[in-house]
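Visitor: I have this one open on my screen and would like a close look at a single part of it. Could you pick one residue, show me what surrounds it, and then work outward from there?

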Amino acid sequence: MLRPVPDTDGAPFWEYAARGELRVQACAACGELRFPPRPCCPHCQSFDSEWRAVSGRGRVWSYVVAHPPLLPDYAAQAPYNVVVVELDEAPRIRLVGNLVTGAGQPLGSFPPESVRIGARVRAVFHDGLPQWVAERS
């Protein structure tokens with residue numbers, strides 16, 4: 001399976017994820033949350049930043065269901081979803097991942113026909129990667 005290749009700006013995101021924490025970069029000057037991480041705040045142009053914990057809760061903003069032909073390791077798990085999640089604390093921040101039935105479950109564990117735009121989800125972590133699970137109503 002493919003693994004993320006962190007760059008200098010994004011490395012802290014992956015370090016926190018490896019500890020089971022969802023954090024996003026924030027401007028230390030104006031407080032604006034931002035993602036993807038970058039050296040300069042797009043709002044006030046400050047170069048000062050910090051990493052803030054977020055709840056990991058949000059909603060499915062969009063999704064796609066992948067079907068073969070794919071890379072061999074992924075084809076064996078298809079069909080599976082790839083979701084774009086809008087975070088509660090920062091609706092302009094959208095993270096990509098998979099909606100699964102529980103941390104570490106296979107990519108195809110959540111039935112593709114059950115994915116809904118607007119569904120409430122929360123982040124879970126497995127092997128240093130954020131995944132998403134449906135919140136109980």
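Guide: Let's start with Val 121 and what it touches. Leaving aside residues up to four places away in sequence, Val 121 is in contact with Gly 56, Arg 57, Gly 58, Arg 59, Val 60, Val 85, Leu 99, Trp 132, Val 133, Ala 134 and Glu 135. Keep in mind that this is a predicted model. Val 121 itself belongs to strand S7, and with a relative accessibility of 1% it counts as buried. Is everything around Val 121 close by? For scale, take Arg 92, which sits 29 residues from Val 121 in sequence and 16 Å from it in space, C-alpha to C-alpha. Now pick up one name from that contact list, Arg 59, which touches Val 121. Arg 59 is partly exposed, at 28% relative accessible area, and its side chain meets that of Glu 86 in a salt bridge, 2.8 Å from N to O. Arg 59 is part of strand S4 (residues 57–66) and Glu 86 is part of strand S5, so this pair ties together parts that are 27 residues apart in sequence. Glu 86 is buried, with a relative accessible area of 12%.

Glu 86 has another partner too: Glu 86 forms a salt bridge with Arg 94, and here the closest N and O atoms are 3.4 Å apart. Arg 94 counts as partly exposed, at 34%.

Back on strand S7, go to Arg 120. The side chain of Arg 120 forms a salt bridge with that of Asp 88, at 2.6 Å from N to O. Asp 88 lies in the loop between S5 and S6 while Arg 120 lies in strand S7, so the two tie together parts that are 32 residues apart in sequence. Both ends are partly exposed: Arg 120 has 37% relative accessible area, and Asp 88 has 36%. As for the earlier trio, salt bridges with shared partners link Arg 59, Glu 86 and Arg 94 into one network. The full count of salt bridges comes to 8.

Follow the chain out of S7 (120–126) and you run into the loop that leads to strand S8 (129–134), where you'll find Asp 127. Have a look at the backbone there: phi of Asp 127 is near 55 degrees, a positive value in a residue that isn't glycine. Asp 127 counts as exposed, with 56% relative accessibility, whereas Val 121 is buried at 1%.

S8 brings us to the largest pocket, which has a volume of about 820 Å³. It is lined by 30 residues, and the closest to its centre are Val 96, Gly 97, Asn 98, Leu 129 and Pro 130. Which element gives the largest share of the lining? That's S8, with 4 residues. Helix H1 (11–18), S5, strand S6 (94–97) and S8 each supply at least two lining residues. Sorted by class, the lining has 19 nonpolar, 8 polar and 3 charged residues.

S5 has turned up a couple of times, so a word on what leads into it. Pro 79 sits in the loop between helix H2 (72–75) and strand S5 (80–87). The peptide bond joining Ala 78 and Pro 79 is cis, with omega about 0 degrees. There's another cis bond to check, from Phe 35 to Pro 36, with omega near 5 degrees. Pro 36 is in the loop between S2 and S3.

That loop holds one more backbone detail, since Gln 45 is placed in the loop between S2 and S3 as well. Phi of Gln 45 is near 70 degrees, again a positive value outside glycine. At 48% relative accessibility, Gln 45 counts as partly exposed; the exposed class begins over 50%.

To finish, here are the strands on either side of that loop. They belong to an open sheet of 3 strands in the order S2-S1-S3, with antiparallel pairing. Its edge strands are S2 (33–34) and S3 (49–53), and each of them pairs on one side only. Strand S1 (residues 23–27) runs antiparallel to S2 and is joined to it by 2 bridges. If you want a spot to click on, Gln 25 stands opposite Arg 34 in S2.

Note on methods
Residues numbered from 1 in each chain as written. Predicted model: local features only at pLDDT ≥ 70, side-chain atom pairs only at ≥ 80, totals over all residues. Heavy atoms only, no water. Pairing = 2+ DSSP bridges. Buried < 20%, exposed > 50% of the residue type's maximum accessible area, 1.4 Å probe, protein only. Contact = heavy atoms within 4.5 Å. 1 Å grid on protein atoms, 1.4 Å probe; cavity = no way out; pocket = protein on both sides within 12 Å on 5 of 7 lines; lining within 4 Å. Points joined across faces, edges and corners; volume = space filled by probe spheres on them. Nonpolar A, V, L, I, M, F, W, Y, C, P; charged D, E, K, R; others polar. Salt bridge = Lys/Arg side-chain N within 4 Å of Asp/Glu carboxyl O.
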